[in-house]
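Trainee: Could you take me through one part of this model slowly? I'd like to look at the salt bridges, and at where the two chains meet.

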Amino acid sequence: MEVQGIVHDGLSALPVLADGSAAGSAAAQLPAAGSVLQEGGWLRGNCVALVTGTVQLLVPQHDVVHTGYLQTGEAVAGALAVSEELLLLPAVPQDCFVYTAFADAPAVNWCWNDVRVLIDLHVQLHPLPNVVLAPHTPLTAVVTLPDGSHAFYTRAAQLSRFVRQQAG
Amino acid sequence: MSETNHRMHTGQSAAPHFAWEGAEHHSERVQRVAQARVVVFGQRRYAGFSPNVTIELVEHPVLLEVPASAYYVRGMMQWHGRWIPVLDLHSLIMAHPTFGRGTVPRFALVMSYTDRTTGEPAFGALGLPVMPQTVSITNADACGLPVRSDLWPYIAMSCVSFRGAVIPIVDTDRLFGSYHG
């Protein structure tokens with residue numbers, strides 16, 4: 001897929017709502033800017049879905065400080081990509097053309113197949129049971145997004161830590 | 001999940017105990033008879049479960065693989081409004097993954113256990129290549145646990161020898177209750 005190479009400065013460039021409506025219509029119902037609430041097994045707030053292959057991760061929007069598009073063949077400093085097993089890939093695949101920077105390490109640009117901002121998301125968290133979680137597993141729960149797809153909830157710092165550890 | 005077939009087993013209670021079916025007197029000794037659901041995994045490896053904890057057999061389960069999860073986890077499966085883990089017993093016993101990524105077991109045997117942290121009933125499943133068999137065993141069939149894997153003492157509550165096969169009887173609370181490193 002050819003990308004025009006426009007770098008969007010900030011997530012406001014991707015105003016996609018969870019229900020597909022315009023960004024402005026839900027603004028009044030949003031929690032405090034960037035906050036995500038977890039209550040009674042439910043998650044509510046602004047989140048970002050990060051897609052690598054068939055795996056979709058969900059992080060709070062305030063974990064993400066920047067996003068942009070890579071132009072075809074463009075090299076971005078500090079760019080990396082992970083596999084569906086969340087292992088560091090030796091090179092960024094061509095189809096990973098959307099990148100994000102996380103608050104814990106803003107100089108690193110994580111490249112994804114797709115990135116979606118989900119405004120005022122309200123989904124049930126299904127915690128992964130202990131038997132599933134290895135000590136290093138950065139994921140904590142499964143959620144079903146409004147479009148019916150499934151995602152794993154995590155925090156960007158946990159993901160960063162896991163990838164760093166696995167890469168040695 | 002709409003394409004998934006379900007077969008109901010007869011297990012009803014979540015209590016992880018065998019329901020001894022009665023006693024037969026042989027001379028002065030009492031022979032107690034119990035049922036066990038026996039699953040086969042790997043090559044001629046077996047495990048048994050109380051019928052009380054085997055709930056349902058799902059054919060062609062739809063799994064959501066969990067990245068970076070424990071090596072014996074095949075994925076999570078939606079089951080009656082819950083997400084339950086599906087484990088691979090062969091990988092667990094062999095201490096390394098023995099299934100390929102993206103592969104799906106023919107069956108998932110859903111079982112109950114008690115969540116130690118909450119005390120509440122919970123559910124998990126084993127991925128299986130073939131359907132489990134129900135066999136009758138007696139206390140005379142008791143034998144020692146296999147020594148090839150050091151995991152058996154942690155997840156099995158007893159062991160029986162049946163027609164030449166050694167069958168550890170697995171406690172689902174121990175199997176599904178915690179991470180096996």
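Mentor: Here is a walk through the contact between the chains, then the salt bridges, with a strand at the end. Keep in mind that this is a predicted model.

Let's start with the contact itself. It takes 22 residues from chain A and 24 residues from chain B. Between them the two chains bury about 1,700 Å², with 68% of that on carbon and sulfur atoms. On the chain A side, Glu85(A), Val131(A) and Val132(A) lose the most area to chain B, and together they make up 34% of what that side buries.

Now for the charges. Side chains of opposite charge can pair when their charged atoms come close. Across the interface of chain A and chain B there are two salt bridges, along with five residue pairs in polar contact. As for who supplies the chain A side, β10 (141–144) and β11 (150–153) of chain A each bring at least two residues to the surface that touches chain B. Sorted by type, the residues on that side come out as 14 nonpolar, six polar and two charged.

One of the salt bridges joins Arg101(B) to Glu84(A), at 3.0 Å from N to O. Arg101(B) also has a partner within its own chain: it forms a salt bridge with Glu65(B), where the closest N and O atoms are 2.7 Å apart. That second pair links distant parts of chain B, since Arg101(B) sits in the loop between α1 (89–94) and β9 (107–114) and Glu65(B) in the loop between β6 (63–64) and β7 (73–79), 36 residues apart. Buried or exposed, or in between, for Arg101(B)? With 41% relative accessibility, Arg101(B) counts as partly exposed, and Glu65(B) is partly exposed too, at 24%.

Elsewhere in chain B, Arg174(B) and Asp171(B) meet through their side chains in a salt bridge of 3.4 Å, N to O. Arg174(B) is partly exposed at 28% relative accessibility, whereas Asp171(B) is buried at 12%. Back at the shared partners, salt bridges join Glu84(A), Glu85(A), Glu65(B) and Arg101(B) into one network. Thr172(B) lies in helix α3 (172–177) of chain B and is buried, with 1% relative accessibility. Leaving out residues up to four places away in sequence, Thr172(B) touches Phe49(B), Val53(B), Met111(B), Ser112(B), Tyr113(B) and Gly177(B).

Over all chains, the whole structure has nine salt bridges. One of them, in chain A, pairs Asp63(A) with Arg155(A), the closest N and O atoms being 2.8 Å apart. Asp63(A) is in the loop between β3 (55–60) and β4, and Arg155(A) is in the loop between β11 and α1 (156–167), so this pair ties together parts of chain A that are 92 residues apart in sequence. Asp63(A) is buried, with a relative accessible area of 7%, while Arg155(A) is partly exposed at 32%.

Strand β4 (64–69) of chain A pairs with β6(A) in the antiparallel sense over five bridges, and His66(A) has Ala101(A) as its bridge partner there. β6(A) also pairs with β7 (105–112) of chain A, again antiparallel and over five bridges, and these two form a hairpin with two residues between them. Five of the five residues of β6(A) (98–102) are buried, so the strand is largely enclosed by the rest of the structure. Val98(A), Thr100(A) and Phe102(A) cover one face, and Tyr99(A) and Ala101(A) are on the other.

Technical notes
Residues are numbered from 1 along each chain as its sequence is written. Chains are lettered from A and ligands numbered from 1 in the order in which they are written. This is a predicted model: local features need pLDDT of at least 70, side-chain atom pairs count only at pLDDT 80 or more; totals for chains, interfaces and linings use all residues. Side-chain values use heavy atoms; hydrogens and water are left out. Buried means under 20% relative accessible area, exposed over 50%, partly exposed in between (1.4 Å probe, protein chains only). Helices (H or I, at least four residues) and strands (E, at least two) are DSSP runs, numbered from the N terminus. Two strands pair if DSSP finds at least two bridges between them. Contact means heavy atoms within 4.5 Å. Buried area is the accessible area (1.4 Å probe) that two parts lose on being put together, summed over both. A salt bridge is a side-chain nitrogen of Lys or Arg within 4 Å of a carboxyl oxygen of Asp or Glu. A polar contact is a pair of N or O atoms within 3.5 Å; within protein, one must be able to donate a hydrogen and the other to accept it, and residues adjacent in sequence count only if both atoms are side-chain atoms. Ala, Val, Leu, Ile, Met, Phe, Trp, Tyr, Cys and Pro count as nonpolar, Asp, Glu, Lys and Arg as charged, and the others, Gly among them, as polar.
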